[in-house]
Amino acid sequence: CVLLLELAESKGELLNDTKYCLKCMLTICVITGFRSNGVMIMIGALVLLLVVYKRYWKQMLVSFLLPIGVSCILSEFFMPVGVEKLFQEKVAIPLQQVSAVVASGGELTAKQEEYLYRLLPEEKWQNYAPSCADNIKWDDDFDRQYLNETKAEFLKIWVDLFPENISTYVQAYIMETYGIWGMETRNSEQYYVKD
């Protein structure tokens, strides 16, 4: 966040500073190396920054894609053999958004219901907690293997539900990430608030 604030204050000029770009690259390596959804977060950030700072697109591509690539290679190298990465960790926020739609009684097609209720029984979606995706993704009845086998289908449902549920998606995103951007060091929203 500090690096982004400095970038905004400089109106993008810091992207011409090698020292600043190296700090960004190191930060990106740490985020992508230690967060299961770090690559997705950084790619999303890259897309947004490319829109805001178009004229610095070359510097941003290097500053983002190089450390993401290095981190992905190192992750594969150090990942124990036979350990499958858990997709539900990478899509915690999309899963939280879909959960909010289902728990609030949002409209689903028969095909979406079939998929989602195969992923987690219908009544279990009510375990949705606004500030924590863990209640859904770590539920004993959540079929992680099925999600890993049907990643594209889950992402399609997530995209398809968006137009009719924009406010639910935004609210779910804000609540899920509140503990990150909340100013206090401790607050009740950072814990497993269920309503």
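## Helices in the Chain

Helices are DSSP runs of H or I that hold at least four residues, and they are numbered from the N terminus. By that rule, residues 134-137 form helix 8, and K137 belongs to this helix. The model described here is a predicted one.

The protein chain contains 11 helices and 0 strands. Read along the sequence, its pattern is α-α-α-α-α-α-α-α-α-α-α.

## The Chain as a Whole

The protein chain has 195 residues, of which 36% are buried. Its exposed area is about 12,100 Å², and carbon and sulfur atoms supply 63% of that area.

Contacts also link parts of the chain that lie apart in sequence. Among contacts with a separation of 6 or more, 65% are between residues 24 or more positions apart.

## K137 in Helix 8

K137 lies in helix 8. The relative accessibility of K137 is 5%, and K137 therefore counts as buried, since buried means under 20% relative accessible area.

When residues up to four places away in sequence are not counted, K137 touches Q88, E89, A92, L95, F142 and R144. In addition, the side chains of K137 and D134 make a polar contact of 3.5 Å. D134 stands at the start of the range 134-137 given for helix 8, and K137 stands at its end.

## E13 in a Loop

E13 is located in a loop, between helix 1 (2-9) and helix 2 (18-34). With a relative accessibility of 40%, E13 counts as partly exposed, because this class covers values between the 20% limit for buried and the 50% limit for exposed.

Which residues does E13 contact, leaving aside its neighbours within four places in sequence? They are R55 and Y56. Y56 is 43 residues from E13 along the chain, yet the C-alpha atoms of E13 and Y56 are separated by 8.5 Å. The side chains of E13 and Y56 are joined by a polar contact of 2.7 Å.

## Y173 and a Nonpolar Surface Patch

Y173 is part of helix 11, which spans residues 166-181. Its relative accessibility is 42%, so Y173 counts as partly exposed.

Y173 also contributes to a nonpolar patch on the surface. The other residues in this patch are F162, I166, V170 and I174, and the patch has an area of about 430 Å².

Note on methods
Residues numbered from 1 in each chain as written. Predicted model: local features only at pLDDT ≥ 70, side-chain atom pairs only at ≥ 80, totals over all residues. Heavy atoms only, no water. Helix = DSSP H or I, 4+ residues; strand = E, 2+ residues; numbered from the N terminus. Buried < 20%, exposed > 50% of the residue type's maximum accessible area, 1.4 Å probe, protein only. Contact = heavy atoms within 4.5 Å. Polar contact = N/O pair within 3.5 Å; in protein donor to acceptor, adjacent residues only side chain to side chain. Patch = residues over 30% accessible without salt bridge, like charges linked within 9 Å, V, L, I, M, F, W, Y side chains within 5 Å. Areas by Shrake-Rupley, 256 points an atom, 1.4 Å probe, with all protein chains shown as cover. Salt bridge = Lys/Arg side-chain N within 4 Å of Asp/Glu carboxyl O.
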